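Subject: Structure handover and findings

Dear colleague,

I am passing the structure on to you below, together with an account of what was found in it. Please read the account with the coordinates open beside you.

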Amino acid sequence: MELTFESIQLTAEDLKDLAARHASAQELYSPAAPKPPIAQFGWRDRWWLNNSASQQVAIHYWFFESHDEACTAADEGRFRLSAKTVLKLGGYDSIYQPPPNSAHGLGDVVWQAGANFLFVQQTIVVLVAEIGGKVSEEMTLRIAHKILEKINDAVTSR
């Protein structure tokens with residue numbers, strides 16, 4: 001299987017245990033835009049979980065030329081993904097921070113902001129973000145693992 005958007009994009013079948021309904025889709029620019037690196041392709045799918053518009057998750061996918069470009073775009077992009085910041089020694093930093101432990105089991109590089117996970121695997125940057133505070137961290141992490149599994153399956157099947 002080739003590592004393509006279609007090979008890793010979650011479908012209603014992948015999310016059937018969450019009673020998910022696809023609500024919308026949109027093409028995206030790079031998370032670091034307007035600065036380089038520029039994504040080859042970016043996409044966002046918005047899902048309603050448990051047949052409820054109040055439980056929404058947005059899944060962002062960005063493809064890059066290289067792993068280094070993906071890591072750079074994710075690291076720089078995390079400042080643009082949320083206006084919220086955290087106070088760090090010497091100033092403010094993005095709310096997207098490395099998780100407190102490695103129990104998440106996601107990707108090569110991972111940042112977390114509450115129930116939102118931003119990670120890099122291969123040449124792909126993925127953001128799984130809940131909207132409205134009604135979706136648990138456990139749920140978004142479960143969704144992120146489904147995407148990670150699809151990426152790994154596509155890579156090992158090449």
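What follows goes through the sheet, the aromatic residues, the salt bridges and one cysteine, in that order. Please keep in mind throughout that this is a predicted model.

**The sheet and the helices on it**

The sheet is an open one of 6 strands, which are arranged in the order β1-β2-β3-β8-β7-β6 with antiparallel pairing. Its edges are formed by β1 and β6 (109-113), each of which pairs on one side only. From one strand to the next the twist averages 15°. At the β6 edge, the neighbour is strand β7 (residues 116-121), which runs antiparallel to β6 and is joined to it by 5 bridges; as one example, Ala 113 has Asn 116 in β7 as its bridge partner.

Two helices pack on this sheet, and their directions relative to β7 are worth setting side by side. Helix α2 touches β6, β7 and β8 (124-131), and its direction makes about 160° with that of β7. Helix α3, for its part, touches β2, β3, β6, β7 and β8, with a direction at about 15° to that of β7.

**The aromatic residues**

There are 5 aromatic pairs in the model. In one of them, the ring centres of Phe 5 and Phe 41 are 5.2 Å apart and the planes stand at 55°, so this pair is classed as tilted, given that an edge-to-face pair would need planes over 60 degrees apart. The two residues come from distant parts of the chain, with Phe 5 in helix α1 (residues 5-8) and Phe 41 in strand β2 (residues 41-49), 36 residues apart. Phe 5 has a relative accessibility of 10% and therefore counts as buried, whereas Phe 41, with a relative accessible area of 28%, is partly exposed.

Phe 5 also forms an aromatic pair with Tyr 61, and this one is edge-to-face, at 5.2 Å from centre to centre and with 80° between the planes. Here again distant parts of the chain are linked, because Phe 5 lies in helix α1 and Tyr 61 lies in strand β3 (residues 52-63), 56 residues apart. Both Phe 5 and Tyr 61 are buried. Taken together, ring pairs link Phe 5, Phe 41, Trp 43, Tyr 61 and Phe 63 into a cluster.

A further contact to look at involves a charge and a ring: the charged end of Arg 21 sits over the ring of Trp 48, at 4.5 Å from its centre.

**The salt bridges**

The structure holds 7 salt bridges, of which I describe some here. Asp 17 and Lys 146 form one of them, with their closest N and O atoms 3.5 Å apart. Asp 17 is in the loop between α1 and β1 (21-27) while Lys 146 is in helix α3 (residues 137-156), so this salt bridge ties together parts that are 129 residues apart in sequence. Asp 17 is partly exposed, at 46% relative accessible area, and Lys 146 likewise counts as partly exposed, at 23%. The same two residues belong to a network of salt bridges that links Asp 17, Arg 142 and Lys 146.

Arg 78 takes part in two salt bridges that you may wish to view together. With Asp 75, its side chain meets at 2.8 Å, N to O, and with Asp 93 it meets at 3.6 Å, N to O. Asp 93 lies in strand β5 (residues 91-94) and Arg 78 in the loop between α2 (67-77) and β4 (85-88), so the second of these ties together parts that are 15 residues apart in sequence. As for accessibility, Arg 78 counts as buried at 8%, and Asp 93 counts as buried at 15%, whereas Asp 75 is partly exposed with a relative accessible area of 33%.

**Cys 71**

Finally, Cys 71 is found in helix α2, where it counts as buried at 16% relative accessibility. Leaving aside residues up to four places away in sequence, Cys 71 touches Val 109, Trp 111 and Val 120. Cys 71 and Pro 37 are 34 residues apart in sequence, and their C-alpha atoms are 9.7 Å apart in space.

With best regards

Methods: Residues are numbered from 1 along each chain as its sequence is written. This is a predicted model: local features need pLDDT of at least 70, side-chain atom pairs count only at pLDDT 80 or more; totals for chains, interfaces and linings use all residues. Side-chain values use heavy atoms; hydrogens and water are left out. Rings of Phe, Tyr and Trp (its six-membered ring) pair if their centres lie within 6.5 Å; planes under 30 degrees apart count as stacked, over 60 as edge-to-face and the rest as tilted. Helices (H or I, at least four residues) and strands (E, at least two) are DSSP runs, numbered from the N terminus. Buried means under 20% relative accessible area, exposed over 50%, partly exposed in between (1.4 Å probe, protein chains only). A charge sits over a ring if NZ of Lys or CZ of Arg is within 6 Å of the ring centre and within 35 degrees of the ring normal. A salt bridge is a side-chain nitrogen of Lys or Arg within 4 Å of a carboxyl oxygen of Asp or Glu. Contact means heavy atoms within 4.5 Å. Two strands pair if DSSP finds at least two bridges between them. Axes are lines fitted to C-alpha atoms, for helices over the stretch in contact, and angles run from 0 to 180 degrees between N-to-C directions.
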